Amino acid sequence: MNNQPDQPLARVYLVGAGPGDPQLLTLRGRDCLARADVVFYDYLVNPQILEHARRGAELVCLGRHGRGRILSQDEINRRVIDEAHAGRTVVRLKAGDPAVFARAAEEVESLVAAGIAFEIVPGITAALAAGSHAGVSLTHRKLASAVAFVTGHEQDDKPAAAIDYAALATFPGTLVFYMGVTSAGAWSAALMAAGKPADTPVAVVRRCSWPDQQTLRGTLGSLAELVASHHLRPPAIVIVGDVVAWDQHACWFTDRPLWGQRVLVTRPAEQAAAARDLLEEFGAQVLLQPAIEILPPEDWALVDAHLARLTDYDWLVFSSANGVRYFLDRMEAGGGDLRRLGPLKLAAMGPGTAEALAKYRLRADLMPHEYRAESLAEALIAAGARRVLLVRASRGREVLAEQLAATGASVDQVVAYRNQDVEQPDPETAAALAEGRVDWITVTSSAIARSLVRLYGPLLAHARLASISPITSATLRELGWQPAAEATEFTLPGLVRAIVAADEQGR
């Protein structure tokens, strides 16, 4: 094979996406997604994992139960091979681990027959994740020195069942059944008929590592009734063995402070990920509904004009991370670089804005102790700012410019980006609100507050509002809505802490 150094050795990557939590994707899996031209993914893969795919990559879902036809294995093999033969780099993204009940062997066989180079990238399989996320240790020095992974769904055309239930009934350790929820009555009965005691402890773990993970405990004899009474559907695994009844330690995953809470994040799409990730780390299930969208100016002429005369100023003031990104990207797009900022001092409204500057290797010279316009104005006045360029959004408060100008400072403002209301509510979000399936709604600016009230109106009464600052809270009250939580530090972490505190107080 004559590969150039910049060409991948493999054309097809069979990548394990892990059990559900996008943070459990391996680094190798992430890197493969970043180079893929086309990604064929199972419906059980968390959509957040697809965010690692490069821009422009083709993303193909292979079907979902109840939502159209699911492609057969032969069809999947054929499509993967066709794409590889066309010279495209392919990622076949599978939930869990490709080699554990995921038919990787069949796909590898087809690739070998077609002469296509491939690589298998392991993923964390559901059984292993359950040990960490459901408080069930699969092995124990006193209770289980072995683990067996068993399918609960045999291939339909097998001449006879390949599972030796007599051997499994005497297996000296823990049994983990995959794809065994719908057939739980059959295989549990077979195990008991082979001699496995009916009082053997079992745990059913559904959607392991997802924010809505469900764990139910019972016995082998009551398993069928447990599944039926809770209307359990895949994906789920069943753990069978004495380790399930072991004196259970605290389950870190479900003990997190926002576990079981559904939070609606309303920030613009390009800023929502940071809030989502932080809330999910605290255990929340997150819904995304941008209330406003961020857009470039309709005309760059004024931005370009101010960029051409940066030497007229001694302070460059950014009131948001978006302002940093749009202003500095425009400077670079025009052929300039960061050396043009050399004589200027930089001011940032808060930590988020300072972090945005840091991505450009810039450090804020000034940041107020309170992350609001009034405090930033006071800090700039104390620093002796006289010639100021304020980079801002198309709409917002005029407090900063007005307070600086009142001291005799020369203040110019330039709109580096627009924020505008989202026009139509998302139907699924509206339904979730109407049905009381949202616990909290984050409100991180006055513009978002106004847009939310326009989008959802009375439906907001079905959830609690969390405000990022007193100014945002004042806007909500003007609109007739009382926030249930208000951050004392006007940042995303401060907002999450306020939600946690209010939730604990309300319990």
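The following legends describe close-up views of a predicted model.

**Figure 1. Overall view of the protein chain in the predicted model.**
The protein chain contains 17 helices and 20 strands. Along the principal axes, its C-alpha atoms fill a box of roughly 90 × 65 × 45 Å. Of the 507 residues in the protein chain, 49% count as buried. Where contacts in the protein chain link residues at least 6 apart in sequence, 68% of those contacts join residues at least 24 apart.

**Figure 2. The open sheet with strand order β3-β2-β4-β1-β5.**
Five strands make up this open sheet, and their pairing is parallel. The edge positions are taken by β3 (58–61) and β5 (118–121); each has a single partner strand, so one side of each is left without a neighbour in the sheet. From one strand to the next, the twist averages 15 degrees. Within the sheet, strand β1 (residues 12–16) pairs with strand β4 (residues 90–94) in the parallel sense, over five bridges. In this pair of strands, Leu14 is placed opposite Arg92 in β4.

**Figure 3. Helix α2 against the parallel sheet.**
Helix α2 (residues 73–85) lies across four strands, namely β1, β2 (38–41), β3 and β4. The angle at which helix α2 runs relative to β4 is about 150 degrees. One of the strands beneath this title, β3, is also an edge strand of its sheet.

**Figure 4. The open sheet with strand order β13-β17-β16-β14-β15.**
This open sheet likewise has five strands, but its pairing is mixed. Strands β13 (292–295) and β15 (345–348) stand at the edges; because each has a single partner strand, one side of each is left without a neighbour in the sheet. The strand-to-strand twist averages 25 degrees. Edge strand β13 is joined by four bridges to strand β17 (residues 410–421), and the two run antiparallel. Across this pairing, Ile292 stands opposite Asp421 in β17.

**Figure 5. Helices α12 and α13, with α13 lying on the mixed sheet.**
Helix α13 (residues 399–406) lies across β14 (315–318), β16 (387–393) and β17. Relative to β17, helix α13 runs at about 175 degrees. The axis of helix α12 (residues 373–382) comes within 8 Å of that of α13, and the two axes cross at roughly 30 degrees. Angles under 35 degrees count as roughly parallel, and α12 and α13 are therefore roughly parallel to each other. The crossing of α12 past α13 is right-handed. On the α12 side, the contact is made by Ala373, Glu374, Leu376, Ala377, Leu380 and Ile381. The residues of α13 that take part are Val399, Leu400, Gln403 and Leu404.

**Figure 6. Strand β8 and its pairing with β9 and β10.**
Strand β8 (residues 201–206) has five of its six residues buried, so it is largely enclosed by the rest of the structure. Six bridges connect β8 with strand β9 (residues 214–219), and these strands run antiparallel. In this pairing Val205 stands opposite Thr215 in β9. Strand β8 is also joined to strand β10 (residues 236–240), through five bridges and again in an antiparallel arrangement. Here Val202 stands opposite Val240 in β10.

**Figure 7. The packing of helices α15 and α16.**
Helix α15 (residues 446–456) and helix α16 (residues 470–478) have axes that come within 8 Å and cross at roughly 25 degrees. That angle makes α15 roughly parallel to α16. Helix α15 passes α16 in a right-handed crossing. In the contact, Ser446, Ala449 and Arg450 of α15 meet Ile471, Thr472, Thr475 and Leu476 of α16.

**Figure 8. Cysteine residues Cys61 and Cys251.**
With a disulfide taken as a pair of cysteine sulfur atoms within 2.5 Å, the count comes to zero disulfides. Cys251 is in no disulfide, and the nearest cysteine sulfur, that of Cys208, is 9.2 Å away. Buried means under 20% relative accessible area; Cys251, at 12% relative accessibility, therefore counts as buried. Cys61 has 35% relative accessibility and so counts as partly exposed.

How values were computed:
Residues are numbered from 1 along each chain as its sequence is written. This is a predicted model: local features need pLDDT of at least 70, side-chain atom pairs count only at pLDDT 80 or more; totals for chains, interfaces and linings use all residues. Side-chain values use heavy atoms; hydrogens and water are left out. Buried means under 20% relative accessible area, exposed over 50%, partly exposed in between (1.4 Å probe, protein chains only). Two strands pair if DSSP finds at least two bridges between them. Axes are lines fitted to C-alpha atoms, for helices over the stretch in contact, and angles run from 0 to 180 degrees between N-to-C directions. Contact means heavy atoms within 4.5 Å. Angles under 35 degrees count as roughly parallel, over 145 as roughly antiparallel, 65 to 115 as roughly perpendicular and the rest as oblique. A crossing is left-handed if the near helix is turned anticlockwise from the far one by less than a right angle, and right-handed if clockwise.
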